[in-house]
Amino acid sequence: MNLNIIKKDLSQSHIYRILVRKKICLLLFLALLLILNFLLDLALGPANYDLWDIAKALIMPNTVPVQLRVVLWDIRMPMALMALMALLVGAALSVSGAQMQTILNNPASPFTLGIAAAASFGAALGLVFGLRLFPILTEYMISINAFIMALFSACMIYLLSLRRGGRAETLVLLGIAMVFTFNSLLALVQYFSHEQAVAAVVFWTMGSLMKATWPKVAVVFSIFILTLPLLIKRVWALTALRLGDEKAQSLGINVKNIRLEILLLVSLLASIPISFVGAIGFVGLVGPHIARMLIGEDQRFFMPASLLTGALLLSISSVVSKLLIPGIVVAIGVVTSLIGIPFFVTLILHSRRNTW
């Protein structure tokens, strides 16, 4: 009898190791796709180059022809900022969406809790009225306004939810209230603004990577590096939270505290990128769902998978935005919606088939 139990344990351990290897291989495959797509983003242009030549020019610039080196480093490298910002923003939005879905047990995203709507309202105050919510750094007025309002929305949800014990349904309902509130305020601002200001607000809400700069890339990267380790420290608690509040509590997890802590972390992680590039939809919703279908709920693999799928989704959108209309870079938010909607519909149909 004991021998059979040992054999069974060894068999289960072997199956577990195989599953872990498969998940690691999937993560490596997603990372490879991401690198290839980044190189493709750099290779696009009037003068087409092979991906291998682009990679050599990046790593060993002295070994490639002068023409290629000049085109890549002097002409296309500023455009590479867009590609790099796409990777960082896609990763940040997807990770924040993944953890929102975890703590709320709901198909949530930065849009669900009103973060994007609040950021749009903050940006509109600067674009229409020239209002500065922070008295310094005038050149970043729009981004700072958007960030302050997005963080204000998250803090309001946090403070109000404390009165109801930080329950998931309370957070969702408060988030919906914030969405309608800030969308109404945004409509009111547009109503009293002139045509050029309305056009500027609409363009901002579509999302764009065109104004990416090295300081903005550095800020997004810094926030990502600061928040990601804090999320990684809580992987086991987050995995347990997906089992339900009661089971998580039985494992010694303070569900209320972990939910509110993660809410603040992901709000910070989402609000900074949105303040720089505008309200880019579907990445924070679709990226985590794709990762969940590929990897499962184990946060040790689900979190990096969400990071990679979100970065890949926005990187692909960046490439498509340059190819859709020759000579014109289409607003990235439009492209992510066009790509994200079919994915989202497929996910809905897939989940319904599983239910049946």
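**Salt bridges, aromatic pairs and a nonpolar patch**

E261 and R234 form a salt bridge in this predicted model, and their closest N and O atoms are 3.1 Å apart. The two residues come from distant parts of the chain, being 27 residues apart. E261 belongs to helix 11, whereas R234 sits in the loop between helix 8 (214–232) and helix 9 (235–241). Neither partner falls under the 20% limit for burial. E261 has a relative accessible area of 35% and is therefore partly exposed. R234, at 21% relative accessibility, also counts as partly exposed.

The count of salt bridges comes to four. Another of them joins the side chains of R242 and E297, with 3.1 Å from N to O. R242 lies in the loop between helix 9 and helix 10 (245–250), and E297 lies in the loop between helix 12 (283–295) and helix 13, so this pair ties together parts that are 55 residues apart in sequence. R242 is partly exposed at 24% relative accessibility. E297 is partly exposed too, with a relative accessible area of 26%.

E297 has a further partner. R292 forms a salt bridge with E297, and here the closest N and O atoms are 2.9 Å apart. R292 has a relative accessible area of 16% and is buried, because burial means a value under 20%. Through these contacts R242, R292 and E297 are linked in a network of salt bridges.

Helix 11, which holds E261, also contains I272; this helix covers residues 255–277. I272 is buried, with a relative accessible area of 9%. The C-alpha atom of I272 is separated by 8.6 Å from that of A150, although the two residues are 122 residues apart along the chain.

The aromatic side chains come next. A pair of aromatic rings is described by the distance of the centres and the angle of the planes. Two such pairs are found in a search of the whole structure. In one, the rings of F121 and F182 have centres 5.9 Å apart and planes at 45 degrees, so the pair is tilted. An angle of that kind falls in the tilted class because stacked planes are under 30 degrees apart and edge-to-face planes over 60. F121 is in helix 4 (residues 115–129) and F182 in helix 6 (residues 168–191), so the pair links parts of the chain 61 residues apart. Both rings belong to buried residues: F121 has a relative accessible area of 10%, and F182 has a relative accessibility of 3%.

The other pair is made by Y191 and F192. Their ring centres are 5.2 Å apart and their planes meet at 90 degrees, which is an edge-to-face arrangement. Y191 and F192 are both exposed.

Helix 4, the helix of F121, can be checked for its length. At 1.5 Å a residue, its 15 residues should span 21 Å, and its end C-alpha atoms are 21 Å apart, in agreement. Of these 15 residues, 13 are buried, so helix 4 is largely enclosed by the rest of the structure. Just after the helix, G130 takes a positive phi of about 70 degrees.

What makes up the nonpolar patch on the surface? V202, F203, M206, L324, I325, I328, V334 and L338 form this patch, which has an area of about 670 Å². Helix 7 (195–206) and helix 14 (332–355) are the elements that give two or more residues to the patch. The largest share, three residues, comes from helix 7. I325, one of the patch residues, lies in the loop between helix 13 (299–323) and helix 14. With 41% relative accessibility, I325 counts as partly exposed.

Helix 13, which precedes that loop, contains S321. In contrast to I325, which is partly exposed, S321 is buried at 1% relative accessibility. A polar atom of the S321 side chain lies 2.6 Å from the backbone oxygen of S318.

Methods:
Residues numbered from 1 in each chain as written. Predicted model: local features only at pLDDT ≥ 70, side-chain atom pairs only at ≥ 80, totals over all residues. Heavy atoms only, no water. Phe/Tyr/Trp six-rings, centres within 6.5 Å; stacked < 30°, edge-to-face > 60°. Helix = DSSP H or I, 4+ residues; strand = E, 2+ residues; numbered from the N terminus. Buried < 20%, exposed > 50% of the residue type's maximum accessible area, 1.4 Å probe, protein only. Expected span 1.5 Å × (residues − 1). Patch = residues over 30% accessible without salt bridge, like charges linked within 9 Å, V, L, I, M, F, W, Y side chains within 5 Å. Areas by Shrake-Rupley, 256 points an atom, 1.4 Å probe, with all protein chains shown as cover. Polar contact = N/O pair within 3.5 Å; in protein donor to acceptor, adjacent residues only side chain to side chain.
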